[in-house]
Amino acid sequence: MNLDKKKIRILVVGCGNMGTAHASAYHQLDGFEICGLVSTGESKNVLNDLLGGGYSIFDDYRTALLQTKPDAVCISTYPDTHETYAIQAMEQGCHVFIEKPLADTLAGAKRVAEAAIKYNKKLLIGYILRYHPSWQKFIKLSHEMGKPLVMRMNLNQQSQGAKWDVHKNLMKSLSPIVDCGVHYIDVMCQMTRSKPIQVSAIGARLTDDIPIGNYNYGHLHITFEDGSVGWYEAGWGPMISETAFFVKDVFGPKGSVSIVAKDAAAIGKSSSIEDHTKTEGIRVHYAALNANQHFLTPDLWVDLKDEPDHQELCNREQRFFLKAIDENLDLTDATADAINSLMIAFACDQSVKNGEVVRLS
């Protein structure tokens, strides 16, 4: 990185949980300078106070974009704004960091990716697990288990109060298996390194607090070309059980790899964003048997010395964004992966709604 380069002036749009975390990263990283905070409600003032005050605040995104003339924009708003905000930013000459999902439709996600190419701007989507050393290790170890793989993952969230309000607002655009599922579908694709060929999914509407036709619990299944299969489960709301809400497990012919989050998976923590990325330990089991048909090798516990908290993960993510801008890194493959995981998630959503298996081209 060229230390003599001027700081990247960044406009932060959306000041909720993720917007606050990203703004905190920009506030402390030398390569960035926040030029404005944007939200429609009080969250921008709360965030400004948290960061010591002094930042310009705006109610309207378009006004902020034209007045501050940033070099980059960080978009952490609800998914139904992502496409429009990202394209407007790139039209104004800005690089874009955007929280997942890239858009609330597959066609919209492709339009954002096309705009990044058209305007020659960096587009980085917030797949935070890609920056977590323990998740990187989890995926690497899965490659030692042979093929096909069986992948089992979930993240159910028992929510109330403000967190339930957030979930209800999210469900105006997307279901839980799309909004959260893209993270874990992306992990499955990295594990198998194979093409998904079909999906099926089920869902249930467990509350009158969301519109008819929407659902707040979903369970998806993916079949890959190499014979691997995976499922992901996600539910949001005050009725969701916290029993076994945190499962991250993969096994193949040679054994299994499991994230064991003893503390993060404790009752009462299912809606804690801080705990969603925790691993705490990885257990590796080897299937090989000796002559007496007993396990040849004892299970291995992987020591996770580098276990960043949620804020540090956001810091690492934004350091990479800065590096991508400064060093002109090619983000084409990462964008394609994000669109691929979103395509799979939307196919699962389609399966919930029509009750049919969806075959992928």
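In helix 2 (residues 43-50), the residues Lys-44, Leu-47 and Asn-48 are buried (under 20% relative accessible area with a 1.4 Å probe, protein chains only). Seen down the axis of helix 2, its buried residues fall within an arc of 100°, and they therefore line one face of the helix; the arc is that of the directions from the helix axis to the C-beta atoms. The model is predicted, with local features needing pLDDT of at least 70 and side-chain atom pairs counting only at pLDDT 80 or more, whereas totals for chains, interfaces and linings use all residues. Residues are numbered from 1 along each chain as its sequence is written, and side-chain values use heavy atoms, leaving out hydrogens and water.

**Surroundings of helix 2**
- The buried residues of helix 2 pack against helix 1 (17-28), strand 2 (32-38) and strand 3 (57-58), where contact means heavy atoms within 4.5 Å.
- Val-46, Asp-49 and Leu-50 are exposed (over 50%) and sit on the face of helix 2 turned away from its buried side.
- Gly-52, which follows helix 2, has a positive phi near 95°.

**Helix 9 and helix 12**
- Helix 9 (residues 181-192) and helix 12 (residues 332-354) pack at an angle of about 115°, their axes lying 9 Å apart, which makes helix 9 roughly perpendicular (65 to 115 degrees) to helix 12.
- Val-182, Ile-185, Asp-186 and Cys-189 in helix 9 meet residues of helix 12, including Asp-337, Asn-340 and Leu-342.
- The residues of this contact between helix 9 and helix 12 divide into six nonpolar, two polar and two charged.

Key. Axes are lines fitted to C-alpha atoms, for helices over the stretch in contact, and angles run from 0 to 180 degrees between N-to-C directions. Helices (H or I, at least four residues) and strands (E, at least two) are DSSP runs, numbered from the N terminus. Angles under 35 degrees count as roughly parallel, over 145 as roughly antiparallel, 65 to 115 as roughly perpendicular and the rest as oblique. Ala, Val, Leu, Ile, Met, Phe, Trp, Tyr, Cys and Pro count as nonpolar, Asp, Glu, Lys and Arg as charged, and the others, Gly among them, as polar.
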